[in-house]
Amino acid sequence: MKNTNNWTEKVKRSVRKGWDTFVDTVYADQKKTMIYCIGGLVVVCLGTFLVMKTNTSIRAQQINNITYNDFTTGKVKSLDYKTEDETIKKKNAISVMFSKPHGKDYQAIKTLVTEKDSELNRSFYYYPIVYNTDSIAQKYDIDPNKITFIFFEEGKEKNRFTYEEMSTPEISFIPEMNRLPMWNINEKSANSEN
């Protein structure tokens, strides 16, 4: 018991001595201490900024690697994770598939689009729902657990359908995609989707 008390006292004295040495060093050269503090703060701020910036880039790259390689047809284009709003507003006409990159229905669409590529008269964009599921669902008024196709004209939604609401998707999916209201857009706008 006495040895434990001696050891505890030695540790306390050592910590107190170390703290006193640190305080003396800080007060001995206050200018140098301020420079170190400001330099440390700048390094922490830059590190935080870089982590936040690279996190978005890493997420976008992960999405590209995970999902866009799934479709072997040129009719499905990737909708950039960081700039989907600008792309939708910039295009005169654009069809977007919002979906999680997994599941039975996702696999069925992948197969249908690959097998019936020649029957599909338009390309569409794919936006995988991987991150920020709630905000995407709220922004586009979609159920993230359903595969939703939305047609935008000059940045405004004109039509939508979900894959799950089709009774025979293997027969009606391609005609439904081809039926999206391209007929009310002039030829220049229709070509801008491709």
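A residue is called buried under 20% relative accessible area, exposed over 50% and partly exposed in between, with a 1.4 Å probe and protein chains only. The structure described here is a predicted model, in which local features need pLDDT of at least 70, side-chain atom pairs count only at pLDDT 80 or more, and totals for chains, interfaces and linings use all residues. Residues are numbered from 1 along each chain as its sequence is written, and side-chain values use heavy atoms, with hydrogens and water left out.

A look at confidence is a helpful start. The predictor's confidence in each residue, pLDDT, runs from 0 to 100; its mean over the chain is 79, and 84% of the residues reach 70 or more. Helices (H or I, at least four residues) and strands (E, at least two) are DSSP runs, numbered from the N terminus. Among the elements of the chain, strand β4 (residues 148-153) has the highest mean pLDDT, 89, and helix α7 (residues 187-192) the lowest, 42. Over residues 183-194 pLDDT stays under 50, and for this stretch the model has 22 contacts (heavy atoms within 4.5 Å) beyond four places in sequence. Where pLDDT is low, the predicted coordinates should not be read in detail.

Two loops that border β4 each hold a residue with an unusual backbone angle. Most residues other than glycine have a negative phi. Asp141, in the loop between α5 (133-140) and β4, nevertheless has a positive phi of about 55°. Asp141 is exposed, with a relative accessible area of 61%. In the loop between β4 and β5 (156-162) lies Glu154, whose phi is also positive, near 50°. Glu154 counts as exposed too, at 54% relative accessibility.

Helix packing can be followed at α4 (residues 104-115) and α6 (residues 169-179), whose axes come within 11 Å and cross at roughly 65°. Such axes are lines fitted to C-alpha atoms, for helices over the stretch in contact, and angles run from 0 to 180 degrees between N-to-C directions. The crossing is right-handed, meaning that the near helix is turned clockwise from the far one by less than a right angle. Ile109, Leu112 and Val113 of α4 meet Pro169, Glu170 and Phe173 of α6 in this contact. By class, the contact has five nonpolar residues, one charged and no polar.

Helix α4 also contains Thr111, which is partly exposed at 39% relative accessibility. The C-alpha atoms of Thr111 and Phe71 are separated by 8.7 Å, although the two residues are 40 residues apart along the chain.

Technical notes. Nonpolar A, V, L, I, M, F, W, Y, C, P; charged D, E, K, R; others polar.
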